[in-house]
Amino acid sequence: MPMQFSSVDAQNLRLMAFDVDGVMTDGRLLFGPQGEELKVFNTLDGHGLKKLAASGVTLAIITGRNSPMVAKRAADLGIEHVIQGREDKGVALEALADSLNIAAHETGYAGDDEPDVSALLWAQLSFAPANAHDCAKTAADHVTERRGGEGAVREICDAILALRSQA
């Protein structure tokens, strides 16, 4: 069943932030022979993010880990706001929104686990992928049909864009 939320919420959205591991990726951590960390991102998600940004929504990444791959992916997608190494994601999201002069009712967040709960509760629009931990699913307003790293981000972007185009 497609996500259902207010077109007013979609129209008001000015900032959409995403966790990485478990949302933009499938949550697995892959390590190369030299100990380097590898991440697999979905190109469909990337296109959805570009479309959402083109609609006027500021994009952000807030992640608990520090990873050069996240910085690279964000740069490739034109995502300017990247906050890494933060477990206090609600505090990080609120501080970012404040710095951009954006209110909670103009903010969205997608996360998949306990460190994301405060951000999921603070944002007006909140999403968890199908394979998220139960605590994130409970805190989120909407749960995607797709799993993290397997099109969940694109599903979120498409749902927002569909409602924004109805204006």
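## Exercises on a predicted model

Ile 62 belongs to strand β4 (residues 58–62), where a strand is a DSSP run of E with at least two residues, a helix one of H or I with at least four, both numbered from the N terminus. The model is predicted, so local features need pLDDT of at least 70, side-chain atom pairs count only at pLDDT 80 or more, and totals for chains, interfaces and linings use all residues. Residues are numbered from 1 along each chain as its sequence is written, and side-chain values use heavy atoms, without hydrogens and water.

**Exercise 1.** Determine whether Ile 62 is buried or exposed, and list its contacts.

*Solution.* Step 1: the relative accessible area of Ile 62 is 0%. Step 2: buried means under 20%, exposed over 50%, and partly exposed in between (1.4 Å probe, protein chains only). Ile 62 is therefore buried. Step 3: beyond neighbours within four places in sequence, Ile 62 has contacts (heavy atoms within 4.5 Å) that include Phe 18, Val 20, Leu 93 and Tyr 109.

**Exercise 2.** Classify Leu 38 by its relative accessible area.

*Solution.* Step 1: Leu 38 is located in strand β3 (residues 37–38). Step 2: its value is 39%, so Leu 38 is partly exposed.

**Exercise 3.** Compare the expected span of helix α2 with the distance between its end C-alpha atoms, and locate its buried residues.

*Solution.* Step 1: the expected span is 1.5 Å times one less than the number of residues. Step 2: for the 12 residues of α2 (residues 43–54) this gives 16 Å, and the end C-alpha atoms lie 17 Å apart, which agrees. Step 3: Asp 45, Gly 46, Gly 48, Leu 49 and Leu 52 are the buried residues of α2. Step 4: they cover an arc of only 160° around the axis, so they are on the same side of α2; the arc is taken from the directions from the helix axis to the C-beta atoms.
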